[in-house]
Amino acid sequence: MNTIVVPLDGSTLSEHALPYARAAAQLFDAELQLVQVVPTPLEPMFVESVPLRAAVQNLPEERNMPRQVTNRVAYEQAEGCLFSHAARLRERGLHTSTEVRMGMPDEEIVSAALQHNATMIVMATHGRSGLRRWTLGSVADKVVRSSPIPVLLIPATCPIAHEWTIRRILVPWDGSELAARALPLVREMAARTHAEIVLVQAVDPLSDIETHWVPVAGDIAIIRRNEALEQLKDITDDLSRNGLRSAAVAILSYPSETILEEAIRQHADLIIMVTHGYGGMRRVALGSVADRVLHATTTPLLLVHPADA
């Protein structure tokens with residue numbers, strides 16, 4: 001059975017990933033592995049969970065307590081939190097296991113995924129708040145950069161979902177070989193959900209003339225856009241031959257802005273893209289585009305490492 005790793009941290013925001021993890025588990029007939037990492041060394045300022053914070057702060061002379069005692073309390077609280085979530089998921093008929101780890105959160109999350117031969121990590125992009133507290137957002141960034149398996153990120157700005165239905169998948173395209181490596185997963189997701197695939201390519205409105213960036217003339221812009229649409233048509237034709245519904249859009253704009261705007265305009269339920277890629281005259285790094293999309297989108301984002309694609 002496939003395994004999907006779901007990192008939690010005891011906060012309400014991190015739990016936003018659970019409905020999406022449930023849907024993914026049902027789609028892939030996968031077991032859910034709930035993972036909570038207790039950061040070490042643990043300090044009270046890093047404790048977001050209300051029960052855990054109360055338990056730690058109520059220890060007598062907490063600041064002078066041995067670190068092992070503080071860590072034990074955090075570990076036990078994490079176990080209880082995961083147990084509650086797992087029980088509810090099992091009631092829905094989902095195979096669910098739990099695991100508490102101690103260490104650096106991003107490293108332990110990726111380690112857990114590799115250890116369990118996971119096919120996907122599903123996590124919220126922001127699980128904690130406060131200037132002095134560990135943010136799951138920074139952990140999500142690190143997980144994306146180091147995970148060799150796909151990571152489904154649920155932005156904190158996503159509406160709270162009870163169920164997740166995928167009707168339309170947005171796929172950013174830049175014409176590169178690396179970007180094409182996301183297509184097998186796109187095909188699989190579309191086949192399992194019967195969703196429409198929308199390929200989106202941004203045609204850069206600037207041109208490199210002797211290293212000085214200048215606006216592209218109207219006729220040239222139209223030619224570039226038509227060339228992009230021809231390339232996209234080859235892909236949509238291939239998808240159609242495989243029984244998948246698809247559409248193609250080419251827009252004279254910048255990549256990240258195009259992806260964000262089209263996700264809203266197309267009512268996309270999911271964005272799938274490779275974390276690193278490049279293409280076009282300016283060799284725009286798809287990695288940096290993915291980073292901008294990750295921090296601004298309100299749509300679930302499935303990032304695929306090129307080595308895994």
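This is a short talk on the fold of one protein chain.

Before anything else: the model is predicted.

Let's start with the whole chain. There are 309 residues, and 51% of them count as buried. The chain exposes about 14,700 Å². Carbon and sulfur atoms supply 52% of that area.

How many helices and strands are there? The secondary structure comes to 10 helices and 12 strands.

Now the contacts. Take those in the chain with a separation of 6 or more. Residues 24 or more positions apart make up 76% of them.

On to the sheet. It is open, and it has 10 strands. Follow the order on screen: β3-β2-β1-β4-β5-β12-β11-β6-β7-β10. The pairing is mixed. A quick reminder: strands in a sheet pair through backbone hydrogen bonds, either parallel or antiparallel.

Which strands sit at the edges? They are β3, residues 96-103, and β10, residues 246-252. Each of these two pairs on one side only. Neighbouring strands of the sheet are turned against each other by 25° on average, direction ignored.

Let's zoom in on one pair. Strand β6 covers residues 168-173, and β11 covers residues 270-274. The two run parallel, joined by two bridges. Look for I169: the residue opposite is L270 in β11.

Last stop, a helix. What does helix α7 lie across? This helix, residues 183-193, lies across four strands: β6, β7 (196-203), β11 and β12 (301-304). Helix α7 runs at about 170° to β6.

So keep β6 in view as you turn the model. Strand β6 pairs with β11, and helix α7 lies across both.

Key. Residues numbered from 1 in each chain as written. Predicted model: local features only at pLDDT ≥ 70, side-chain atom pairs only at ≥ 80, totals over all residues. Heavy atoms only, no water. Buried < 20%, exposed > 50% of the residue type's maximum accessible area, 1.4 Å probe, protein only. Contact = heavy atoms within 4.5 Å. Areas by Shrake-Rupley, 256 points an atom, 1.4 Å probe, with all protein chains shown as cover. Pairing = 2+ DSSP bridges. Axes fitted to C-alpha atoms, helices over the stretch in contact; angles between N-to-C directions.
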